[in-house]
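Please look over the structure shown here before reading on. The briefing that follows is arranged by topic.

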Amino acid sequence: MPTTWQEIFDLGARDTASSGVEPESDEQSRGVFRRLRESLSKSRQALVEEISASLFDRIDEETWERLEEALIMADAGAPTTAEVVEKLEREVESGAVSADGEAVRERLIEILAEVASGGRAPIDLNGEPAVLLMVGVNGTGKTTTIGKIAWHLSKEFGLSVVLAAADTYRAAAAEQLAEWAQRAGAELIRSAPGGDPGAVAFDAIAAARARGADVVIVDTAGRLHTQGNLMDELTKVRRVIAKQMPDAPHETLISIDATTGQNGLRQAQLFTEAVAVDGVVLTKLDGTAKGGIVLAIANELGIPVKLIGAGETLEDLRPFDPEDFARALLAE
Amino acid sequence: MFDQLSDRLQATLSEVRSRGKLNEGDVDAAMREIRLALLEADVNFKVVKSFAKTLKERCLGADVLESLDPGQQVVKIVNEELTGLMGGTGRDLAFASKGPTVILMAGLQGSGKTTACAKLARHLGESGKNVALAACDVYRPAAVDQLVTVGERAGAHVYEQGTDADPVEIAAWALDRAREDERDVLIVDTAGRLHIDENLMDELAKIRKRIKPHDVLLVVDAMTGQDAVGVAESFAETAEFDGVVMTKLDGDARGGAALSVKAVTGKPIFFASTGEKLEAFDRFHPDRMASRILGMGDMLSLIEKAEQQVDERQAEDLQKKLEGDRFTLEDFLQQMRQVRKMGPLSGLIGMMPGMGAMKQLKNAEIDEGELDRVEAIILSMTPLERANPAIIKGSRRKRIAAGSGTKIQQVNQLVKQFDQMRKMMRQMISGQQPSPEQLMQMSGGAPRPKYRRR
């Protein structure tokens, strides 16, 4: 059973049963999952054929090489790839896994899903209001993701959302978020361009309190993890939020573009040093990139993926399910 | 990081020195390390495979110089090959002979197209060109607003029709306006699109057909991983791009995508975008990218940029000062080469006027390998550095050492010796005999005695 919205969001004491909103039905979730798997598989024929070919013929030295190649090409990185392949190889050689294509493939999926589950936890929205901070490198899809999350929180749980346009640097950033706020039915708090990002977050939380809104999502400017002063600024924004509400931000998510290579690991590392990242949103999975870097992030940093984005419309967001992710990688 | 690769190679090749030549086993072991380094750098797996093949051939043919650390020698070869691969072929930005030059920008979502458009506009505007922009991204919320804002900052007019018109029509209209307004350049921004999105790729092809750009640039994020190849191939087929703009190079992504795209499409990388400010935009340097991919860092670009302004002034002043002492490392290199052509140096030294009396020097063993090394070091210097070795500090020393496969101390030694040699030459010109100490310093220390004296 794939992870549901109810499982990925921890809403704490909120009674959403009486919100009058129907949680997504099995049929709907299967449909969305199928669409997602299709979009994930769109250009994966090559990978599928490689994996199928290598696993359904003999199990020999070439099998392991081809598997290595496939995982590297998925951006899993050399260390994680080596770990996974060696583990599987050992199990097959020891007889723990029988040396036939199907069994090996199923075990591989299990191993990949295990790796992808590193640090697994739901998105913590236990607060009144709950504060969610979005961070990440330029161009990874923070603002679009915020729009999607806001829409899903409203649609799935009937929650009211306030968006904080704390990207006061990028040209027309507030306008961009304003458009998403409108589409998602959320309120927007912004300042003049060049204003203090911390102040915007502060105002948004105050406004949410005043209006009894459920969730505040704070957008921040894209920044490279190598820019010390910008990372310091981010730490400051977090501090402002924490000062205002002791448990906040309740959740900090980093957006990672699925096309990102090994640098994704560095990004996750350094952003966590600045603001204690709780989870990853893996974006742009509707392309041909496999997003394997999240395996490395979960495996080496213990930071779990919580959401995946696969498209530019409000609906194109899904709770991360490790087995689905692993299976979609090898789907026929 | 360079040290890491070089050290790893050295450990792998520790047996080589005594053998003098790299055999196949050595090279295979070295190739494994190189492949790992390149994969770490996000170079595409298949590109790494084929590159390693070419590299292996070159390494097998190479002699291991006795004075050079085999690990460093291999790195030197890799660096050269990478630089060659990413530079060389391909044309420059094409300009129209009359009417506006049309430049079409394309790429994935979030790659940095809009910012790159503004930067390119500013860059071209610097040479006095009248540059305008066309806002053809009607999908991304506030994309038009963003381009208008950054366009203004760049001093370029933005032609836009909001988000209700068709991008192909906007592009055509903008070109007409640009012609009327007698613009020199029109840069067309487009929406980010997936290379597998048929509709949007069709749209891009239509835009291209309609406005017939002189240059189509693919904007690629430096942190892109293995996917870069698929993306580049698709865009090459549909958009037939002429060159690449690499963005977000101010991060610490090693940037292997640059090599992948070049290797697979043959298209050159025109520009490097190195920061969020509009000024952070340079012509692409293949040698720096090669060092960066190998993990040798590209701090050089940043530091050198800062030093550059001071350098140019310094160089001018110094040039005037050096009028009297014009002898540069370049000259030294030429002289040395000419002399070596004549035969082993040990024989020649005795022939030099005034040297006859210097018995110690006559018996000195001249290490020809040392001279090879000196040549390599000088060849890794820029013309500016050869003319003015005083500027060779920190990062430059590192780069020169890396490029020549030598150690930083050896670079230091050469610069010091050259200085002393120049002093000595001035003395000789003015009629003074160089002292034995000076000669000793110049040859790098006391000649190796054959017997230990008590």
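In this predicted model, the largest nonpolar core (a set of buried Ala, Val, Leu, Ile, Met, Phe, Trp, Tyr and Cys residues joined through C-beta atoms within 7 Å) holds 192 residues, of which Leu163(A), Ala164(A), Ile217(A), Val218(A), Val280(A), Ile187(B) and Val188(B) touch the most other members. A residue counts as buried if 20 or more other C-beta atoms lie within 10 Å of its own, as exposed if 12 or fewer do, and as partly exposed in between, with C-beta atoms placed from the backbone.

**The core**
- Helix α3 (residues 24-40) of chain B gives this core its largest share, 7 residues; helices (H or I, at least four residues) and strands (E, at least two) are DSSP runs numbered from the N terminus.
- Because domain 1 (2-86) and domain 2 (101-295) of chain B both contribute residues, the core lies between them; the domain bounds come from an automatic or database domain assignment.
- Apart from this core lies another, of 12 residues, including Ile378(B), Met381(B), Ile400(B) and Ala401(B).

**Strand β4 of chain B**
- Strand β4 (residues 185-190) of chain B is largely enclosed by the rest of the structure, because 6 of its 6 residues are buried.
- On one side of β4(B) the buried residues are Val185(B), Ile187(B) and Asp189(B), and on the other they are Leu186(B), Val188(B) and Thr190(B).
- Strand β2 (residues 131-136) of chain B runs parallel to β4(B) and pairs with it over 6 bridges, where pairing requires that DSSP finds at least two bridges between two strands; Val131(B) has Val185(B) as its bridge partner.
- Strand β1 (residues 101-107) of chain B is also parallel to β4(B), joined by 4 bridges, and Ile103(B) is partnered there with Ile187(B).

**Contact between the chains**
- The contact takes 32 residues from chain A and 30 residues from chain B, two residues being in contact if their C-beta atoms, placed from the backbone, lie within 7 Å.
- On the side of chain B that touches chain A, α7(B) supplies the largest share, 4 residues.

**Confidence and conventions**
- The predictor gives the complex an ipTM of 0.86 and a pTM of 0.75.
- Chain B averages a pLDDT (the predictor's confidence in each residue, from 0 to 100) of 80, and 73% of its residues score at least 70.
- Over residues 350-363 of chain B the pLDDT is below 50.
- Residues are numbered from 1 along each chain as its sequence is written, while chains are lettered from A and ligands numbered from 1 in the order in which they are written.
- Local features need pLDDT of at least 70 and side-chain atom pairs count only at pLDDT 80 or more, whereas totals for chains, interfaces and linings use all residues.
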